[in-house]
Amino acid sequence: MAAERKSAEVTDWAARLGWVAGLLLFVAFVYWLMRQGWKWRGSLQSDLPELLAVPERPGEAKLTMSGRYHGSTTAGQWLDRIVAHGLGVRSRVELTLTDAGLSVVRPGAQDFFVPKEALREARLDKGIAGKVLAEGGLLIVTWAHGDKVLDSGFRSDHAVEQSTWADTLNIMIKTTEGTAR
């Protein structure tokens, strides 16, 4: 009776480790390809001028908002992400609107400033490259930078602030357009 018993199959560790190593190499290769694509997109957008630095004294704040910066795209093309100069990096954000323009302070990413003359439109929308929310979940600010017009997406920590921001920005833009003529 004891002679008929067989022991359990022994795991073939070499084959198992080979498969795990192959899978890890494949995942690393996919991440490398994604990084190369990001760098390639950045080189295609290298004609975009450097971002303006936030002025030391931008003026008295009309509005402030803390929240998330979700990225920038080519205006009207919500999937065409801009990655040049760090505009594709998601981060926390502190927005400040003054008479001079919009200060965008991002811890861990490059800060930038949008002069009021460069502002084109503000609206509430549901999405921007890589982020889709409920209708009106994002504040989209359209602005000109060099010869490109960009949309930048922000989400406030307090969603009720976003409509006030859109209204105030649009009033500021219309006032600026009226004085420019």
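Leaving out neighbours within four places in sequence, glycine 137 is in contact with Asp125, Arg155 and Gln162, where contact means heavy atoms within 4.5 Å. Glycine 137 belongs to the loop between strand E8 (131-132) and strand E9 (138-145). Helices (H or I, at least four residues) and strands (E, at least two) are DSSP runs, numbered from the N terminus. With a relative accessible area of 7%, glycine 137 is buried; that word stands for under 20% relative accessible area, exposed for over 50%, and partly exposed for what lies in between (1.4 Å probe, protein chains only). Serine 163 is 26 residues away from glycine 137 in sequence, and their C-alpha atoms are 9.9 Å apart in space.

A word on the background: this is a predicted model, in which local features need pLDDT of at least 70 and side-chain atom pairs count only at pLDDT 80 or more, while totals for chains, interfaces and linings use all residues. Residues are numbered from 1 along each chain as its sequence is written, and side-chain values use heavy atoms, with hydrogens and water left out.

**Salt bridges**

How many salt bridges does a search of the whole structure find? There are six, each a side-chain nitrogen of Lys or Arg within 4 Å of a carboxyl oxygen of Asp or Glu. Three of them are listed here.

| Acidic residue | Basic residue | Closest N and O atoms |
|---|---|---|
| Aspartate 80 | Arginine 41 | 2.9 Å |
| Aspartate 157 | Arginine 92 | 2.8 Å |
| Aspartate 125 | Arginine 123 | 3.3 Å |

Aspartate 80 forms its salt bridge with arginine 41. Because aspartate 80 lies in the loop between strand E1 (63-74) and strand E2 (81-82) and arginine 41 in helix H1 (residues 13-44), this pair ties together parts that are 39 residues apart in sequence. Aspartate 80 is partly exposed at 23% relative accessible area, and arginine 41 is partly exposed at 30%.

Next comes the salt bridge of aspartate 157 with arginine 92. Aspartate 157 sits in the loop between strand E10 (148-156) and helix H2 (161-180) and arginine 92 in strand E3 (residues 91-97), so parts that are 65 residues apart in sequence are tied together.

Aspartate 125, a contact of glycine 137, also forms a salt bridge with arginine 123. Salt bridges with shared partners join Glu121, Arg123, Asp125 and Asp151 into one network.

**Aromatic rings**

The whole structure holds four aromatic pairs. Rings of Phe, Tyr and Trp (its six-membered ring) pair if their centres lie within 6.5 Å; planes under 30 degrees apart count as stacked, over 60 as edge-to-face and the rest as tilted. Phenylalanine 29 and tryptophan 32 are stacked, because their ring centres are 6.1 Å apart and their planes are at 25°. These two residues are three residues apart in helix H1, or about one helical turn.

Tyrosine 69 and phenylalanine 112 have ring centres 6.2 Å apart and planes at 75°, so this pair is edge-to-face. The pair links distant parts of the chain, with tyrosine 69 in strand E1 and phenylalanine 112 in strand E5 (residues 112-115), 43 residues apart. Are these two rings' residues buried or exposed? Tyrosine 69 is buried at 0% relative accessible area, and phenylalanine 112 is buried at 1%. Together with Trp143 and Phe154, Tyr69 and Phe112 form one aromatic cluster.

Tyrosine 69 has a charged partner too: the charged end of arginine 106 sits over its ring, 4.5 Å from the centre. For this, NZ of Lys or CZ of Arg must be within 6 Å of the ring centre and within 35 degrees of the ring normal.
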